[in-house]
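I opened this notebook page to record what I looked up in the structure, beginning with the core and going on to the pocket and the salt bridges.

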Amino acid sequence: MKPSTDRMLTRIKSIYLYIRKKGSVSTRELVEEFGITERTVQRDLNVLEYNNLVVSHERGVWTTTNKKIKVS
C-alpha cells in the first residue's frame with residue numbers, strides 16, 4: 001500500500017474513533033482537532049458515510065451509526 005493511502009486510512013480511522021468517543025462532533029471541531037482542511041475532513045466523512053459508519057442528521061454535525069465494526 002502506498003504511504004499516502006496508509007496515511008489517509010489511518011486518519012479516517014482516527015476521525016471515526018474520535019466521533020465515536022465524543023458522541024457528536026461538528027465538521028469545524030474535526031478541522032481543529034486534526035489540523036486538516038475542511039475539504040479533507042469532508043472527503044474523509046464521505047468515506048465513512050458511504051460505509052454507513054457515520055451519519056449527519058443536522059448539517060455539519062456527525063455521529064456514529066450502530067453498525068458493528070472490529071477496530072484493529
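Before looking for a core I fixed the term: a nonpolar core is a set of buried Ala, Val, Leu, Ile, Met, Phe, Trp, Tyr and Cys residues joined through side-chain atoms within 4.5 Å, where buried means under 20% relative accessible area. I also note at the outset that this is a predicted model.

**Entry 1, the core.** I looked up the largest nonpolar core and found that it has 15 residues, and that those with the most contacts inside it are Ile15, Ile19, Leu30, Val41, Leu45, Leu48 and Val54. I then asked which elements give two or more residues to this core, and the list came back as α1 (3-22), α2 (27-34) and α3 (38-50). The largest share, five residues, is supplied by α1. As background I wrote down that nonpolar side chains tend to be buried together in soluble globular proteins.

**Entry 2, Leu30.** I took Leu30 from the core list and looked up its contacts, leaving aside its neighbours within four places in sequence: Leu30 is in contact with Ile15, Tyr18, Ile19, Val25, Gly35, Val41 and Leu45. Of these partners, Ile15, Ile19, Val41 and Leu45 also stand among the core residues with the most contacts.

**Entry 3, Thr27.** I next looked up Thr27, which has its place in helix α2. Is Thr27 buried or exposed? Its relative accessibility is 8%, so I entered Thr27 as buried, the cut-off being under 20%. Not counting residues up to four places away in sequence, Thr27 touches Glu38, Val41, Gln42, Leu45, Gly60 and Trp62, and I marked Val41 and Leu45 because they appear in the list for Leu30 as well.

**Entry 4, the largest pocket.** I looked up the largest pocket, for which a volume of about 190 Å³ was computed. Leu9, Ile12, Lys13, Tyr16, Leu17, Val47, Leu48, Asn51, Leu53, Ile69 and Val71 form its lining, and the elements that give two or more residues to that lining are α1 and α3. Here too I noted the largest share, which is five residues from α1. By character, the lining residues divide into nine nonpolar, one polar and one charged. I also marked Leu48, which lines this pocket and is one of the core residues with the most contacts.

**Entry 5, the salt bridges.** How many salt bridges does a search of the whole structure find? The search returned three, and I went through them in turn.

- Arg11 pairs with Asp44, with the closest N and O atoms 2.5 Å apart. Arg11 lies in helix α1 and Asp44 in helix α3, so this pair ties together parts that are 33 residues apart in sequence. I entered Arg11 as partly exposed at 24% relative accessibility, whereas Asp44, at 2%, is buried.
- Glu29 and Lys22 meet through their side chains at 3.7 Å, N to O. Glu29 is partly exposed with a relative accessible area of 24%, and Lys22 is also partly exposed, at 46%.
- Arg28 pairs with Glu38, the closest N and O atoms being 3.1 Å apart. Because Arg28 lies in helix α2 and Glu38 in helix α3, the pair ties together parts that are ten residues apart in sequence. Arg28 has a relative accessible area of 46% and is partly exposed, and Glu38 is partly exposed as well, at 42%.

Glu38 had already come up in Entry 3, as one of the residues that Thr27 touches.

Key
Residues numbered from 1 in each chain as written. Predicted model: local features only at pLDDT ≥ 70, side-chain atom pairs only at ≥ 80, totals over all residues. Heavy atoms only, no water. Buried < 20%, exposed > 50% of the residue type's maximum accessible area, 1.4 Å probe, protein only. Helix = DSSP H or I, 4+ residues; strand = E, 2+ residues; numbered from the N terminus. Contact = heavy atoms within 4.5 Å. 1 Å grid on protein atoms, 1.4 Å probe; cavity = no way out; pocket = protein on both sides within 12 Å on 5 of 7 lines; lining within 4 Å. Points joined across faces, edges and corners; volume = space filled by probe spheres on them. Nonpolar A, V, L, I, M, F, W, Y, C, P; charged D, E, K, R; others polar. Salt bridge = Lys/Arg side-chain N within 4 Å of Asp/Glu carboxyl O.
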